[in-house]
Amino acid sequence: MPEIHIDRLGSGHAELTLWELLDPAATVRATIELYGPDAATAAAWCALTANFDGRDDDYRFWCRVFSKLRKEPQA
């Protein structure tokens, strides 16, 4: 899976992160489409990798995706 870098936008205003713009529900659908029944496992790996790399915003995003995937019926 390609690495996603966090972009921060700011010029005297509060910082806005890429993760605040992404829709976890859309990511859930894309992850299911790409990984099928292994979607939750893929999201868990993304979360773990982000955590080990110290990417806190990335980690929280993927945890939300993983949580939603655990509740979604898998194909």
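**Exercise 1. Determine how exposed Asp-53 is, and then identify its salt-bridge partner.**

Solution. Asp-53 has a relative accessibility of 47%, and therefore counts as partly exposed, where buried means under 20% relative accessible area, exposed over 50%, and partly exposed in between, with a 1.4 Å probe and protein chains only. The side chain of Asp-53 meets that of Arg-55 in a salt bridge, at 3.0 Å from N to O, the term requiring a side-chain nitrogen of Lys or Arg within 4 Å of a carboxyl oxygen of Asp or Glu. Arg-55, at 16% relative accessibility, counts as buried.

The model is predicted, so that local features need pLDDT of at least 70 and side-chain atom pairs count only at pLDDT 80 or more, whereas totals for chains, interfaces and linings use all residues. Residues are numbered from 1 along each chain as its sequence is written, and side-chain values use heavy atoms, with hydrogens and water left out.

**Exercise 2. Find which residues are linked with Arg-55 in a network of salt bridges.**

Solution. Asp-58 forms a salt bridge with Arg-55, with the closest N and O atoms 2.0 Å apart, and both of these residues are buried. Taken with the contact to Asp-53, this gives a network that links Asp-53, Arg-55 and Asp-58.

**Exercise 3. Explain how Asp-57 and Arg-60 are placed in helix 4.**

Solution. Asp-57 and Arg-60 lie 3 residues apart in helix 4 (residues 56-71), and so are separated by about one helical turn, a helix being a DSSP run of H or I with at least four residues, numbered from the N terminus. Their side chains meet in a salt bridge at 2.5 Å, N to O. Asp-57 counts as buried at 19% relative accessibility, whereas Arg-60, at 43%, counts as partly exposed.

Technical notes:
Helices (H or I, at least four residues) and strands (E, at least two) are DSSP runs, numbered from the N terminus.
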